[in-house]
Every structure is written in structure tokens, then in C-alpha cells.
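Subject: Structure handover

Hello,

Here is the structure you will be taking over. My notes on the ligand site and on one strand follow below.

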Amino acid sequence: MNPEFWHQRWQRGEIGWHAEDFNRHLAEHWPRLGVPASQRVFVPLCGKSLDMLWLAGRGHRVLGVELSELAARAFCEDNGLTPEIVDEPPFRRYRIDEVELLVGDFFALTPAHLDGVTACFDRASLIALPPELRPRYARHLAGLLPGGALSLLVSLDYDKSRMSGPPFAVTREEVLELFAPAFEIEPLATFDALVESPKFRERGLERLIEHVYRLRRRAGPDS
Ligand SMILES: C[S@@+](CC[C@H](N)C(=O)[O-])C[C@H]1O[C@@H](n2cnc3c(N)ncnc32)[C@H](O)[C@@H]1O
């Protein structure tokens, strides 16, 4: 899943993952995390997700990172927002009031880019990545977030023999393996998502489960 794959998806408008509403798990579980309103929230691989506006609406400052500049432009155009655009190689920063989008590669982020971030929301980010990239994603995320940072992770699981990703199936065991070295993990909910996702039934799935987790970055260096 190289960058070109994602750029093409945006160029062709093949963005079936994009939701025209706020994420139900965000609305239900974010308040339980207890992240104070003024805190800055990181949204990795953010696309043009409306969830960033939901978070901003709760008083958070939001920092998204996204490979495709088309996504950043669409986020602004769709929502009638006028960004201030600044080149900050290797990123281009879109600043829209309390939402900032860094256009570029998640793996090029350093902790300095996430200055002030104390929370994270991952929906369709981990599961967008192929198995070989996920350990690197988890390690890099751990290196970016400060000790005590809270994260809401929405992951997806299904029978891999019936469909190939993305979105990829990520089992509960894999979530533990990926994040347990640096995070405390609390499963919050599971949700049967097939009824609302007929396109996945068409792709052959008979079971599609969303798992919601609360992660808390342990203090101290990565283990
Ligand atoms: C499946 S989409 C999910 C987008 C968003 N989280 C949502 O819920 O709508 C994954 C997004 O990650 C972006 N992406 C993939 N690899 C990336 C990387 N290395 N750095 C930044 N963005 C990336 C893609 O362009 C795509 O918009």
C-alpha cells in the first residue's frame, strides 16, 4: 500500500471509507475518555473526516495528518472553510481555526509536530495499513504521543479468507500485540457493523465487527 495507491484513490474519488456523518463510536465513547476540552487531539491518516469537526465542536484543537492534498482541499471545500496554507517541508500545513491538517507522510512526523497533543482518535487508520506496516505504525504513534495520552481506536475484524483489504481485518490479539508494549489497552465495545455496510456483504462478508478500544500511553520510554 504505497503512497501512490492512496493518491490514486483520491484522484479517482474512490473514497468509500469516507462517512457523511460523525462516527457513532466517537460520539458515544469520547466523552468517557475524559479528555479536557482545551486539549489538542491528533487524528492520524485523517482523510477529510468530519470527526475532526466533531472534536473541534467539543472545544478541542485538532491536528490531522493526511498524505493527499486533495483530501485537505476537499475537507475545506466541503465544509465551506478557508484555510491558511503554509509550506513546512516535508509537510504543507492547512490551518482552519482550531483544525490543522498536515499534508504529508505520517511516518515523517516528529514529536515536535504534535506539540501539545494529549489525545488521539484513530478510525480507519490502523485498518488502512497492510499487516507489515502496522507494527511500524504502532511504534511511530507511541513515539509521537506523550506519556498519559489517551486514544480512542476503532478497529475492524472479519474473516480474512472472504475479503482482502483495505480495510484490513485486525484481530483483538493483534491490537494487543501492536499496542501493549507502549499502551494500556481497555476494550470498550464491539459493534456488529454488517447491517449498515451492505457493500461489505456484497464483497462476501458474513461478519463484520467493529472493536472500540481506549488506549493510554504509558509514561517513560518505549518498551
Ligand atoms: C481509509 S482512509 C481513512 C480516513 C479517515 N481516517 C476517515 O475515517 O475517513 C485512510 C487515509 O489515510 C491516508 N494515508 C495513507 N497512508 C498515509 C500516510 N503514510 N500518511 C498520511 N496519510 C496516509 C490516505 O490518503 C487515506 O485518506
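A polar backbone atom of phenylalanine 106 is 2.8 Å from a nitrogen atom of the ligand, a polar contact being a pair of N or O atoms within 3.5 Å. The protein buries 95% of the 600 Å² that the ligand exposes when taken alone (Shrake-Rupley areas, 1.4 Å probe).

The model is predicted, so local features need pLDDT of at least 70 and side-chain atom pairs count only at pLDDT 80 or more, while totals for chains, interfaces and linings use all residues. Numbering starts from 1 along each chain as its sequence is written, and side-chain values use heavy atoms, with hydrogens and water left out.

Two further polar contacts to note: a side-chain N or O atom of aspartate 105 is 2.8 Å from a ligand nitrogen, and a backbone N or O atom of leucine 67 lies 3.0 Å from a nitrogen atom of the ligand.

Around the ligand there are 17 residues, of which Leu45, Glu66, Asp105, Phe106 and Arg123 come nearest (a residue counts if one of its heavy atoms lies within 4 Å). This shell divides into ten nonpolar, four polar and three charged residues; Ala, Val, Leu, Ile, Met, Phe, Trp, Tyr, Cys and Pro count as nonpolar, Asp, Glu, Lys and Arg as charged, and the others, Gly among them, as polar.

Now the strand. E9 covers residues 208–217, and eight of its ten residues are buried, meaning under 20% relative accessible area with a 1.4 Å probe and protein chains only. Strands are DSSP runs of at least two residues, numbered from the N terminus. E9 pairs antiparallel with E7 (residues 150–158) over nine bridges, where pairing requires at least two DSSP bridges. Serine 155 has histidine 211 in E9 as its bridge partner. Nine bridges also join E9 to E8 (residues 183–192), again antiparallel, and phenylalanine 183 stands opposite arginine 217 in E9.

Regards

How values were computed
Buried means under 20% relative accessible area, exposed over 50%, partly exposed in between (1.4 Å probe, protein chains only). Helices (H or I, at least four residues) and strands (E, at least two) are DSSP runs, numbered from the N terminus. A polar contact is a pair of N or O atoms within 3.5 Å; within protein, one must be able to donate a hydrogen and the other to accept it, and residues adjacent in sequence count only if both atoms are side-chain atoms.
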